[in-house]
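Student: I have a new structure open and I'd like to go through it slowly. Please start with whatever vocabulary I'll need.

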Amino acid sequence: AAFTDNISFDFDGANDYLTRATIGSIHTTGSVSAWVKLDSMSANGFIFQLRAESGTNDQIILLWNNAAGVIRGNVKFGGTTNVVDSGSGLENDGNYHHVAFTWMSGSKSSAQNVTKIYIDGSETDSDAIGNTWGDAEFPAELVIGRNSIQSNAYFNGHINDVAIFNDALTSGEVSAIYNEGAPKDESDHSGLVAYYTMEAYTDGDTTL
């Protein structure tokens, strides 16, 4: 499905990013859905980051991994990292791609403790999660567009229609978002905790 919404946030790869305080208990189970269009990348570019108050042992990251040439989901719980990758060929092709990244930990059914990544409606990778969030507090910060801990890895390209959930999207739900062909209204989804359509701003605004 071609993405038809022309209003998006254009990250310049130099200093653009969005940030907000924690959004609650999505650190054990959650999902992020976004439409992205990558410009030419010369370094890593963070799409989404959820991080603990201090240290680097507890993070959830969705990024462009420049060395591998893929969009990568990284779940790091208690210092143990689980990684899922997209396929290649997404950089600077002029097209929007739908990315969905899900994670679940702490379930009594260990088979459900897994992270997955979907590109354009199809699952491309999954990895079993053995740990859970180790920090005693909720995540301290949610960031879109850069690595907040090191103040680097600025994303270069467009990001649109970011939806964040406190449940793991099913493959059917991911397909429904992608196959809509235009931003699908997620406001009625029972697990929705944050939703940035990128519509209500103009160039020069400093808040979204």
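Tutor: The word to begin with is buried, which is used for a residue with under 20% relative accessible area, while exposed is used for over 50% and partly exposed for anything in between, with a 1.4 Å probe and protein chains only. Please also keep in mind that this is a predicted model, in which local features need pLDDT of at least 70 and side-chain atom pairs count only at pLDDT 80 or more, whereas totals for chains, interfaces and linings use all residues. Residues are numbered from 1 along each chain as its sequence is written, and side-chain values use heavy atoms, with hydrogens and water left out.

Student: Okay, let me try that word out. Is Gly191 buried or exposed, and why?

Tutor: Gly191 counts as buried because its relative accessible area is 2%.

Student: And where is Gly191 in the chain?

Tutor: You'll find Gly191 in the loop between α1 (171-179) and β13 (192-196). Those labels come from DSSP runs numbered from the N terminus, where helices are H or I runs of at least four residues and strands are E runs of at least two.

Student: How far is Gly191 from Ile26, in sequence and in space?

Tutor: In sequence Gly191 and Ile26 are 165 residues apart, yet in space their C-alpha atoms are 9.8 Å apart.

Student: Switching to strands now. What do the side chains do along β1?

Tutor: Strand β1 covers residues 9-12, and its side chains alternate, with Phe9 and Phe11 pointing to one face, where they are buried, and Asp10 and Asp12 pointing to the other, where they are not. In general, side chains in a regular strand alternate between the two faces of the sheet.

Student: Which strand pairs with β1, and in what sense?

Tutor: Strand β1 pairs with β12 in the antiparallel sense, over four bridges; for two strands to count as a pair, DSSP has to find at least two bridges between them. Within this pairing, Asp10 of β1 stands opposite His158 in β12.

Student: What about β6 and β7, how many bridges join them?

Tutor: There are six bridges between β6 and strand β7 (residues 80-85), and the two strands run antiparallel. One of the matched positions is Lys76, whose bridge partner in β7 is Thr81. The two strands also form a hairpin with two residues between them, and in that turn Gly78 has a positive phi of about 60 degrees.

Student: Which residues other than glycine have a positive phi, then?

Tutor: Two examples are Asp120, with phi near 50 degrees, and Ser151, with phi near 55 degrees. As background, most residues other than glycine have a negative phi.

Student: Where do Asp120 and Ser151 sit?

Tutor: Asp120 is in the loop between β9 (114-119) and β10, while Ser151 is in the loop between β11 and β12. Asp120 counts as partly exposed because its relative accessible area is 21%, and Ser151 counts as partly exposed because its relative accessibility is 39%.

Student: New topic, the aromatic rings. How many aromatic pairs are there?

Tutor: Rings of Phe, Tyr and Trp (its six-membered ring) pair if their centres lie within 6.5 Å, and planes under 30 degrees apart are called stacked, over 60 edge-to-face and the rest tilted. By this rule there are seven aromatic pairs. One of them joins Phe77 and Trp133, which are edge-to-face at 6.1 Å centre to centre, with 65 degrees between the planes.

Student: Which parts of the chain does that pair link?

Tutor: It links distant parts, since Phe77 belongs to strand β6 (residues 70-77) and Trp133 to the loop between β10 (122-128) and β11 (141-144), 56 residues apart. Phe77 and Trp133 are both buried.

Student: What kind of pair do Phe101 and Trp103 form?

Tutor: Phe101 and Trp103 form a tilted pair, 5.3 Å centre to centre and with 50 degrees between the planes. Phe101 is buried, as is Trp103.

Student: Which residue joins Phe9 and Phe11 in an aromatic cluster?

Tutor: That is Phe155, so the cluster consists of Phe9, Phe11 and Phe155.

Student: Last one: which residue lies over the face of Tyr17?

Tutor: Arg146 lies there, at 3.8 Å from the ring centre of Tyr17. A charge is said to sit over a ring if NZ of Lys or CZ of Arg is within 6 Å of the ring centre and within 35 degrees of the ring normal.
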